[in-house]
Amino acid sequence: DDPKIVLIGHSFGGLTIMKWLEQTYGDNNDDNSNSPKDINLAGVGLMCSVPPSGNGAMTMRFIRRSLVDAWKITAGFVMKKAITDKAICRDLFFGGTEDDNGISDEDVERYQSYFQRDTVATIDLGDLAKKLPSALADVDTGRAPFVDRLPPVFVVGATEDFIVDREGVDETARY
């Protein structure tokens, strides 16, 4: 018996899994390089995933929601201030303060060191926009044409998530 595999993706990892599902289960898998029958996939979990249409629509919602929040997101990610600015890092990833049972300053600094280490891997958003999984989705429903061939998929968001809003989670769930 082969072990069952469950793929779990968070943020851009969730988007990566959706793209893999498209390539594996979609009709465009002509060469069967990733045949579903060869993969013992039991299920998929997508947590606060970037939606299949990418982060463009979410970015516009951030700007309409709050210019301050849009600035924090831009400064934190594009300018990489989340690596050095504890307040921006806390707002984007953890929320709360040390005083209200949020994450400690020491833990924020520890995570910032991980972010610093991980900045060698970057995402080319211009290239990504050309390859988004939503390109195959039904225009009216937002559903992937291969959804009936997928194993169970669990989609979860967070009420207070600073980055992936409710609309983004709903889009991922429809896909």
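At 30% relative accessibility, F94 counts as partly exposed. That makes this phenylalanine a handy way into the structure, which is a predicted model. F94 sits in helix α4, spanning residues 86-94, and its ring pairs with that of Y111 in helix α5, spanning residues 105-118. The two ring centres are 5.2 Å apart and the planes meet at 40°, so the pair counts as tilted. Because the partners belong to α4 and α5, the pair ties together parts of the chain that are 17 residues apart in sequence. Y111 is partly exposed too, with a relative accessible area of 29%.

Y111 has a further aromatic partner in Y114, and here the geometry is edge-to-face, with 5.6 Å from centre to centre and 85° between the planes. Both tyrosines lie in helix α5, and being 3 residues apart they are separated by about one helical turn. Y114 comes out as partly exposed, at 30% relative accessibility. Zooming out a little, F94, Y111 and Y114 belong to one aromatic cluster that also takes in F77, F93 and F115. Across the whole structure, the search turns up 7 aromatic pairs.

The helices carrying the F94–Y111 pair also pack against each other. Axes of α4 and α5 run 10 Å apart at an angle of about 85°, and the two helices are therefore roughly perpendicular. On the α4 side, the contact involves K86, C89, R90, F93 and F94, while α5 brings in D105, V108, E109, Y111, Q112 and F115. Sorted by class, that contact holds 6 nonpolar residues, 1 polar residue and 4 charged ones. F93, F94, Y111 and F115 thus turn up twice, being part of this helix contact as well as of the aromatic cluster. C89, another of the α4 residues in the contact, is buried, with a relative accessible area of 0%.

A second helix pair, α2 with α3, has its own geometry. Helix α2 covers residues 56-65 and helix α3 covers residues 67-78; their axes are 5 Å apart and the packing angle is about 135°. The two are therefore oblique to each other. From α2, the residues involved are F62, I63 and R65, and they meet L67, D69, A70 and I73 of α3. This contact divides into 5 nonpolar and 2 charged residues, with no polar ones.

As for the cysteines, C48 counts as buried at 10% relative accessibility, and C89 is likewise buried, at 0%. The structure holds 0 disulfides.

Stepping back to the overall fold, the protein chain has 7 helices and 3 strands. Read along the sequence, these elements follow the pattern β-α-β-α-α-α-α-α-β-α. Of the 175 residues in the protein chain, 33% are buried. Among contacts with a sequence separation of 6 or more, 67% come from residues 24 or more positions apart.

Key. Residues numbered from 1 in each chain as written. Predicted model: local features only at pLDDT ≥ 70, side-chain atom pairs only at ≥ 80, totals over all residues. Heavy atoms only, no water. Axes fitted to C-alpha atoms, helices over the stretch in contact; angles between N-to-C directions. Helix = DSSP H or I, 4+ residues; strand = E, 2+ residues; numbered from the N terminus. Parallel < 35°, antiparallel > 145°, perpendicular 65-115°, else oblique. Contact = heavy atoms within 4.5 Å. Nonpolar A, V, L, I, M, F, W, Y, C, P; charged D, E, K, R; others polar. Disulfide = S-S within 2.5 Å. Buried < 20%, exposed > 50% of the residue type's maximum accessible area, 1.4 Å probe, protein only. Phe/Tyr/Trp six-rings, centres within 6.5 Å; stacked < 30°, edge-to-face > 60°.
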